[in-house]
Amino acid sequence: MQLMGKVAELARVIACVALMAACVHIVAVLIVPALSRADAYSLVTRLAPELRLAALDPGQAILDGMEDPDVAATVCAFDLAKGPVKLSLPVSPDGFSSIALHQEGGGAFFALSNSAAENGRIEVVALTPGQALERAAEDDEDNPSGEVRAVSSRTRGFAVFRALALLPSQRRAAAALVAGGSCQHAE
């Protein structure tokens, strides 16, 4: 009888320790992102002020540990609380280029490649759901705006402009291409 009591007590202690460990783990997982200053959005805002392009060095792999050295990239942080943002990138007729939009806290929410280009440029307007409704209300039914709109559930984010150098000799041209992108408040 005495042995059964000690085993039961030991089982209770082990169960309490396991429950406490699980609680600590859950709290840590939930609080770490809020305390972290190494998220992608924070890194981008340290590279350049809002709405200003900053070139990424493929050797440093700041945003992506597997960044391809044959891909030139620039980034631009934005805050949609100040209004919609228009992002634009010239395209090369013989290569790949793209714009990817990411939200603060993680997660890409929209991307376009050179296959969606018109007049030699990829263009997209990033906005909040409320701004999207306002713009849709302003649209003329007979003559729609034709702009590509990307709706973000968060107000702050960043865009990554990329261009592929098909040959090592084209790396400078790819870097010049992404440097020709723009990140500005939409009209």
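How many bridges join strand β4 to strand β5? Strand β4 (residues 97-103) and strand β5 (residues 108-113) run antiparallel and are joined by 5 bridges. Two strands count as paired if DSSP finds at least two bridges between them.

This is a predicted model, in which local features need pLDDT of at least 70 and side-chain atom pairs count only at pLDDT 80 or more, while totals for chains, interfaces and linings use all residues. Residues are numbered from 1 along each chain as its sequence is written, and side-chain values use heavy atoms, with hydrogens and water left out.

**The chain as a whole**

The chain has 4 helices and 9 strands. Helices (H or I, at least four residues) and strands (E, at least two) are DSSP runs, numbered from the N terminus. From the N terminus on, the order of elements is α-α-β-β-β-β-β-β-α-β-β-α-β. The chain is more spread out than a compact globule, because its radius of gyration is 24 Å, well over the 16 Å that the globule rule gives for 187 residues. That radius is taken over C-alpha atoms, and the globule rule is 2.2 Å times the number of residues to the power 0.38. Along its principal axes, the C-alpha trace spans about 85 × 50 × 30 Å.

Of the 187 residues in the chain, 32% are buried. Buried means under 20% relative accessible area, exposed means over 50%, and partly exposed lies in between (1.4 Å probe, protein chains only). The accessible surface of the chain comes to about 11500 Å², and 60% of this belongs to carbon and sulfur atoms. Accessible areas come from the Shrake-Rupley method with a 1.4 Å probe; for residues, only the protein chains shown count as cover. Among contacts between residues at least 6 apart in sequence, 69% join residues at least 24 apart. A contact means heavy atoms within 4.5 Å.

**The hairpin of β4 and β5**

The hairpin of β4 and β5 has 4 residues between the strands, and in it glycine 105 takes a positive phi near 90 degrees. Serine 98 lies in strand β4, and its bridge partner in β5 is serine 113. With a relative accessibility of 10%, serine 98 counts as buried. Leaving aside neighbours within four places in sequence, serine 98 is in contact with Leu89, Leu112, Ser113, Ile122, Val160, Phe161 and Arg162.

**The open sheet**

An open sheet of 4 strands has the order β7-β6-β3-β9, with mixed pairing. Its edge strands are β7 (149-151) and β9 (182-185), each of which pairs on one side only. Neighbouring strands of this sheet are turned by 25 degrees against each other on average, direction ignored. Within the sheet, strand β3 (residues 85-90) and strand β6 (residues 121-127) pair in the antiparallel sense over 6 bridges. Leucine 89 stands opposite isoleucine 122 in β6. Helix α3 (residues 129-138) packs on the sheet and touches β6 and β7, and its direction makes about 110 degrees with that of β6. Axes are lines fitted to C-alpha atoms, for helices over the stretch in contact, and angles run from 0 to 180 degrees between N-to-C directions.

**Helix α4**

In helix α4, Ala174, Leu177 and Val178 are buried. They are on the same side of α4, because they cover an arc of only 90 degrees around the axis. The arc is that of the directions from the helix axis to the C-beta atoms. Arg172, Ala173 and Ala179, on the other side of α4, are exposed. The buried residues of α4 pack against β2 (71-79), β3, β4 and β8.

**Residues in loops**

The table gives the place and the relative accessible area of three loop residues.

| Residue | Loop | Relative accessible area |
|---|---|---|
| Leucine 51 | between α2 (40-47) and β1 (54-56) | 22%, partly exposed |
| Asparagine 119 | between β5 and β6 | 83%, exposed |
| Leucine 167 | between β8 (156-164) and α4 (171-179) | 47%, partly exposed |

Leucine 51 is not a glycine, although it has a positive phi of about 65 degrees. Asparagine 119, also a residue other than glycine, has a positive phi near 55 degrees. Leucine 167 is 97 residues from aspartate 70 in sequence, and the two are 7.7 Å apart in space, C-alpha to C-alpha.
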